[in-house]
Amino acid sequence: MPAITEVSSVLVTGGTGYLGAWVVATLLARGHTVKAVVRSAEKGDALKADLLQQNASKKDGDIALDFVVIADLVKDGAFDDAVLGVDAVVHVASPAPNPGSTDPQETIKPAVDGTLGVLKSVLRASQRDSSYRLKRIVITSSIAAVWTPGPGARTFSEEDWNTQYVSEVEKLGSKTDPMAVYGASKVLAEKAAWDFYQAHKSEVQWDIAIINPPMVFGPAIQTPKSASDLPTSLKLWWDSVVDGTSTPGAHPVSNSQGWVDVRDIAEAHVRAMEVEEAGGERIIVSEGTYRFQEWLDLANKVGAQIYPGRSFPTAEVAEGESASAVYYDTAKEKRILGIKYRTKEETTGDTLHWGAERKL
């Protein structure tokens with residue numbers, strides 16, 4: 001399938017979120033025109049204000065950004081009008097883990113229906129108009145759809161699927177851990193996307209590419225009211241590494257997991273739209289692995305220069321604490337996308353600078 005190699009119009013769902021806002025910013029920096037789906041006009045205005053604050057040389061009229069207000073993203077036909085007149089869709093929107101929910105379907109159903117809703121709207125547009133110009137849909141999945149928890153050192157690739165969490169939901173229902181529910185939602189949404197595409201690919205002139213990121217850290221485009229309003233993964237990092245209000249108890253300091261800077265994963269989404277070879281591919285995008293001990297050490301190393309007089313938490317690996325090593329095979333990403341990743345030190349410094357500027 002042809003990729004988006006020229007300046008084009010791109011629809012982004014979840015554009016006001018942590019990752020989505022960086023996808024919007026990256027597309028705009030490339031010269032693309034962006035149409036972002038928002039839940040309300042106020043959320044759209046806030047995103048535009050944040051983007052203008054990030055780039056002080058730009059004025060309101062300089063940003064090629066429009067908004068489509070869709071209050072109910074899982075309503076049948078919700079995206080029918082939004083997908084018209086665009087060359088690509090980047091579907092980032094998906095429910096975050098909800099610790100207060102007892103019904104797994106409150107997370108799973110919106111994830112699956114939202115993804116299928118976009119695909120169904122694009123299919124209908126393709127069927128109505130033979131000249132429909134859309135070429136590619138890039139979908140955010142998660143490493144949670146790949147990785148399966150377990151002991152010992154393991155390496156995962158795009159061939160792996162986390163069916164364990166799906167089985168847990170089926171078995172435990174309302175007693176399922178929220179993170180397992182979230183993982184199941186990513187598995188089921190991604191499988192639904194692939195099944196839908198395989199069923200209809202002979203009828204259409206567009207294809208899909210799916211990105212599977214691990215934990216996402218780094219500065220946000222948005223300015224939160226306080227540290228308690230940070231996006232989920234950034235809040236985990238901030239609470240553990242900066243505030244010390246949450247020791248990495250659920251994430252022992254010696255345990256390893258994959259990570260990527262939010263700006264790099266946004267870049268990966270845009271390249272997946274632009275590179276022809278990304279079509280029809282499932283791609284793990286990960287800088288490498290981390291242990292929380294590394295983030296703590298880096299914050300203590302660079303933090304004093306950024307936050308004078310502020311102390312940063314420390315931790316020591318408990319004697320006998322297991323170090324379960326998890327790695328990801330990123331050969332496909334290197335071959336197709338070729339992302340030059342930010343290092344842990346760069347991400348730490350940039351995040352601390354970002355927080356200091358916002359007086360967090």
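**Notes on a predicted model: sheets, helices and a few single residues**

1. Let's start inside, with strand S5. Both of its faces are covered: Arg136, Val138 and Thr140 sit on one side, Ile137 and Ile139 on the other, and every one of them is buried. Put as a tally, five of the five residues of S5 are buried, so the strand is mostly covered. In case you wondered about the two-sided pattern, side chains in a regular strand alternate between the two faces of the sheet. Keep in mind as you read on that this is a predicted model.

2. Now have a look at strand S1, residues 9-13. Which of its residues point which way? Ser9, Leu11 and Thr13 go one way, Val10 and Val12 go the other way, and all are buried. With five of its five residues buried, S1 is largely enclosed by the rest of the structure.

3. Both of those strands belong to an open sheet of seven strands, in the order S3-S2-S1-S4-S5-S7-S10, with parallel pairing. Which strands stand at the edges? They are S3 (65-69) and S10 (282-284); each has a single partner strand, so one side of each is left without a neighbour in the sheet. Going from one strand to the next, the twist averages 20°.

4. You can follow the pairing through the middle of this sheet by hopping from residue to residue. S1 runs parallel to S2, and four bridges join them; here Leu11 has Lys35 in S2 as its bridge partner. S1 also pairs in the parallel sense with S4 (residues 88-91), again over four bridges, and in S4 the bridge partner of Leu11 is Val89. Hop once more: S4 and S5 run parallel and are joined by four bridges, with Val89 standing opposite Ile137 in S5.

5. Next, the helices that pack on this sheet. Helix H2 (residues 41-54) touches strand S2 (33-38) and S3, and its direction makes about 160° with that of S3. Helix H5 (residues 178-200) packs on the sheet too, touching S5 (136-140), S7 (207-212) and S10. The direction of H5 makes about 160° with that of S7.

6. There is another open sheet to find, made of three strands in the order S8-S9-S11, and its pairing is mixed. S8 (215-217) and S11 (288-291) stand at the edges with a single partner strand each, so each has one side without a neighbour in the sheet. The twist here averages 55° from one strand to the next. How do S8 and S9 pair? They pair in the parallel sense, over three bridges, with S9 covering residues 256-261. One of the matches to look up is Val216, whose bridge partner in S9 is Val260.

7. Now for a pair of helices. Two packed helices are described by the angle between their axes and the distance between the axes. For H6 (residues 232-243) and H10 (residues 344-357), the axes come within 12 Å and cross at roughly 90°. That makes H6 roughly perpendicular to H10. On the H6 side, Leu234, Trp237, Trp238 and Val242 take part, and they meet Thr348, Thr351, Leu352, Trp354 and Gly355 of H10. By type, the residues of this contact are six nonpolar, three polar and no charged.

8. Ser126 is worth a zoom. This residue lies in helix H3 (residues 105-128). Is Ser126 buried or exposed? Its relative accessible area is 17%, so Ser126 counts as buried. Leaving out residues up to four places away in sequence, Ser126 touches Tyr132, Val204 and Trp206. With Trp206 there is also a polar contact of 2.8 Å between the two side chains.

9. For contrast, try Ala153, in the loop between S5 and S6 (154-156). Ala153 counts as exposed, at 62% relative accessibility. Apart from neighbours within four places in sequence, Ala153 is in contact with Ala325 and Tyr327. If you'd like a distance to check in your viewer, Ala153 and Leu230 are 31 Å apart, C-alpha to C-alpha, and 77 residues apart in sequence.

10. Finally, Lys359, which you'll find in the segment after H10. Most residues other than glycine have a negative phi. Lys359 is not a glycine, yet its phi is positive, at about 55°. Lys359 is exposed as well, with a relative accessible area of 74%.

Key
Residues numbered from 1 in each chain as written. Predicted model: local features only at pLDDT ≥ 70, side-chain atom pairs only at ≥ 80, totals over all residues. Heavy atoms only, no water. Axes fitted to C-alpha atoms, helices over the stretch in contact; angles between N-to-C directions. Helix = DSSP H or I, 4+ residues; strand = E, 2+ residues; numbered from the N terminus. Parallel < 35°, antiparallel > 145°, perpendicular 65-115°, else oblique. Contact = heavy atoms within 4.5 Å. Nonpolar A, V, L, I, M, F, W, Y, C, P; charged D, E, K, R; others polar. Buried < 20%, exposed > 50% of the residue type's maximum accessible area, 1.4 Å probe, protein only. Polar contact = N/O pair within 3.5 Å; in protein donor to acceptor, adjacent residues only side chain to side chain. Pairing = 2+ DSSP bridges.
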